[in-house]
Each structure stands twice: as C-alpha cells, then as structure tokens.
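Biologist: I would like a close look at a single part of this protein, explained slowly enough for a first-year student to follow. Could you choose one helix and describe what surrounds it?

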Amino acid sequence: MRMKAERLLIVAMLAAVAGLALEDRLLEMGRLATLLGAAGLVVAIVLASLRVSHHAEVLASKVGDPYGTMILTLSAALVEVVVLAIMMTSETSPTLVRDTIYAAVMLDINGILGLAALLGGLKHGEQPYNDDSARTYSVMILTAMGISMIVPEFVPAAKWHLYSAFTIGAMITLYALFLRMQVGVHSYFFSYSYPKAKGEGSAREGGPDQPVLPSIVILILGIVLIGVLAEVMSSLLTSGLKGSGAPPAVTAIVVAAISASPEIMTAMRAALANRMQAVVNIALGASLSTVILTVPVMEAIALYTGQPFLMAMSPVQTVMVTITLIVAAINLNDGQTNAIEGMTHFVLFATFVMLSAIGL
C-alpha cells in the first residue's frame, strides 16, 4: 500500500538512475536529445516535489495553522534552495540567483495568487481572509527584497563581501522575528475562522491520524532525490541552452516553477473551496520564504567561494516588483478578494512572461 502511494517518488527515483546512467550519452547526442532529457528530469523533479509537498501537508495537518502553512512554504523554499545551489555549480550566469528569486515572486504573487483569486472570485464572489496576514507578508517581502536586491546596486564592488555578510545577518534576524510572531502572540494574524461546513469535521479526521515518522523520512529522502535529479538536469539544461538563443531567464523560470508546482495545485483547491486565507498564506508566504531563505544561503556560498553573485535587480525587474507590491498592498488591504483583483495580478504575471520571452 505504501509503495503504491509513493509511485510518483518511485518514478522520480527511476528517472534519477536513468539520468545518471545516460547523462554522457545524451550530451553526445546533440541539443535536442539533451533538452528532452532535461525536460524529463524537470518532470521527475516536479513529481518528487509533489510527494514532498504531500508529506509536508501531512505534518501540517498535525500542527494546524499557522504552523502548517509554515511547514508547507518552508518545504517549497527548501526545494528551491537545493535546486538552485546545485545548479550554481554548473551554471556560469552570475544573475541566476537574482533572476530565480524575481521569477519566484512573480509566479507566487501574480501567478498563484492572481489565478486563485480570479477562479475563486468567479465561483464565490468576494472571498474573505485575515488582512493582517497580507499586510505583514507584504511589508516583509518589500523589506527583504529592498535590502538584498535593490540596495546592492549602490554597494561598491570592493565592499561586496561586507554587505553580503550584513545581508545574511539581516535576513536571519528578520526571519527569526517573523517566525516568533507567526507562531507566538501574533499567530492569529495568519488564520481565519471559516464557518464549518456540514460533515467537514469527519472528512478531515483522516489527515491528522496518519503516522508522522514515515512522512518525515520520505520528506527527507525526497529532498535528497531532488538534489540528485537537479544535478543531472542542470548539466543537461546548461549544455542544451548554450548557443540556442533562448531567453536568459529560462533557467531561472524553470527553477522557480519547479518549487512552485505543488503550491499551485494546493492554492487552486483552497480558492475553489472558498478558503482564501490558505491562498494568501501560501502565495505570500512562499514569496517571503524564497527571498529570506535563499538570499542568506546563496550569499554564504558567495563568501565561501569568493565569487559574488549579481543580486541587484535590473530596472525592468525593479519596476515589475514595485508595481506588483503596490497592487498587492491595494488589493489585499480590505480582507476580501474578488475576480477583478485576481485578474490584475494575473495580467501582471502575463506581462512578466512576455518580458521574459523578449529577453527583458
């Protein structure tokens, strides 16, 4: 029974074995074979990520909100950090970290939140949530991105290591205080009391009764498996895209999409079930976790290797992030979302895709 439930993870394991065995042969067969192999491994990483997300949900159901949402967003951020750290070993682009964080924020806030609010609004009209959570997440995201991805534009090259060390300390301090608030006296910021539907209690009783230890073990194994898959995928993708004329942001979008794939389905289910608080926690929480956890890990790697990453966003990226956070601050200020608000974010996501396609 357990083997059947973990069939997606088994498929990902087989893909990892095949990738390790066939990597050199695929590289010799030319660009098409290399890119097809990379695409297959991306699918395998997504399958493994789905199982990691499932077991994170099992753990989350045990502890409830806001701890549950924290586990979900942290697991997604961990997947992204693992994939990104491994890809940096073979990717020569100094902007990969910056572009991946930017793509993740666009995907989470404009893509996931926008589509969820749009679909949920069309089905349910106005959908309530706790606006304290939206304001808290938004100001944290703005602060973290400002410190780590806007201010570096003005830091002298000779002083990068000093500011890098400061950034690590600032991100850790911000997140430590945020976690204390999220699970402490202000935990009510991140929850909303929905009226319980008839029969809802019995439908949810099965989740918390599942054993915890297998989920912890499989979650850890899933992260390790994703690391193995990412190492082979990185090599194939880098080789396949070299000289192809593909937009520079392709690799970053792939990494961001991999980590967001489980969150997309979870958020859509929550929106269609008229539980917008879960969508807000997932979309904004994932964005915050991506910035505030990825930055210190990558900056630590830069300090260790002595090779800085280009973290300052381009003018286009700065404008898109600014517009996104302003729109989010306006839309998420009244405790209710609707289809129009969802559409504004989704149009911003479409703009991000268009700008990426033309190389901006």
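Modeller: What follows is a description of one helix and its surroundings, after a short view of the whole.

This is a predicted model, in which local features need pLDDT of at least 70 and side-chain atom pairs count only at pLDDT 80 or more, while totals for chains, interfaces and linings use all residues. Residues are numbered from 1 along each chain as its sequence is written, and side-chain values use heavy atoms, with hydrogens and water left out.

The secondary structure comes to 14 helices and two strands, where helices (H or I, at least four residues) and strands (E, at least two) are DSSP runs numbered from the N terminus. Buried residues make up 49% of the 360 residues; buried means under 20% relative accessible area, exposed means over 50%, and partly exposed lies in between, with a 1.4 Å probe and protein chains only.

The part I have chosen is helix H14, which has 19 residues, 339–357. Its end C-alpha atoms are 26 Å apart, which agrees with the 27 Å that it should span at 1.5 Å a residue, the expected span being 1.5 Å times one less than the number of residues.

At the N-terminal end, asparagine 338 caps H14, with a side-chain oxygen 3.0 Å from the backbone nitrogen of isoleucine 340. Just after H14, glycine 359 takes a positive phi of about 90°.

Along H14, the buried residues are Ala339, Glu341, Gly342, His345, Leu348, Phe349, Phe352, Leu355 and Ser356. An α-helix has 3.6 residues a turn, so residues three or four places apart point the same way. The cover over the buried residues of H14 includes helix H5 (96–124), helix H11 (250–272), helix H13 (315–331) and strand S2 (336–337), where contact means heavy atoms within 4.5 Å.

One residue of H13 deserves a separate look. Asparagine 331 is in helix H13 and is buried, with a relative accessible area of 10%. Not counting residues up to four places away in sequence, asparagine 331 touches Tyr129, Gln336, Glu341, Thr344 and His345. Its side chain also makes a polar contact with the side chain of threonine 344, at 3.1 Å; a polar contact is a pair of N or O atoms within 3.5 Å, and within protein one must be able to donate a hydrogen and the other to accept it, while residues adjacent in sequence count only if both atoms are side-chain atoms.
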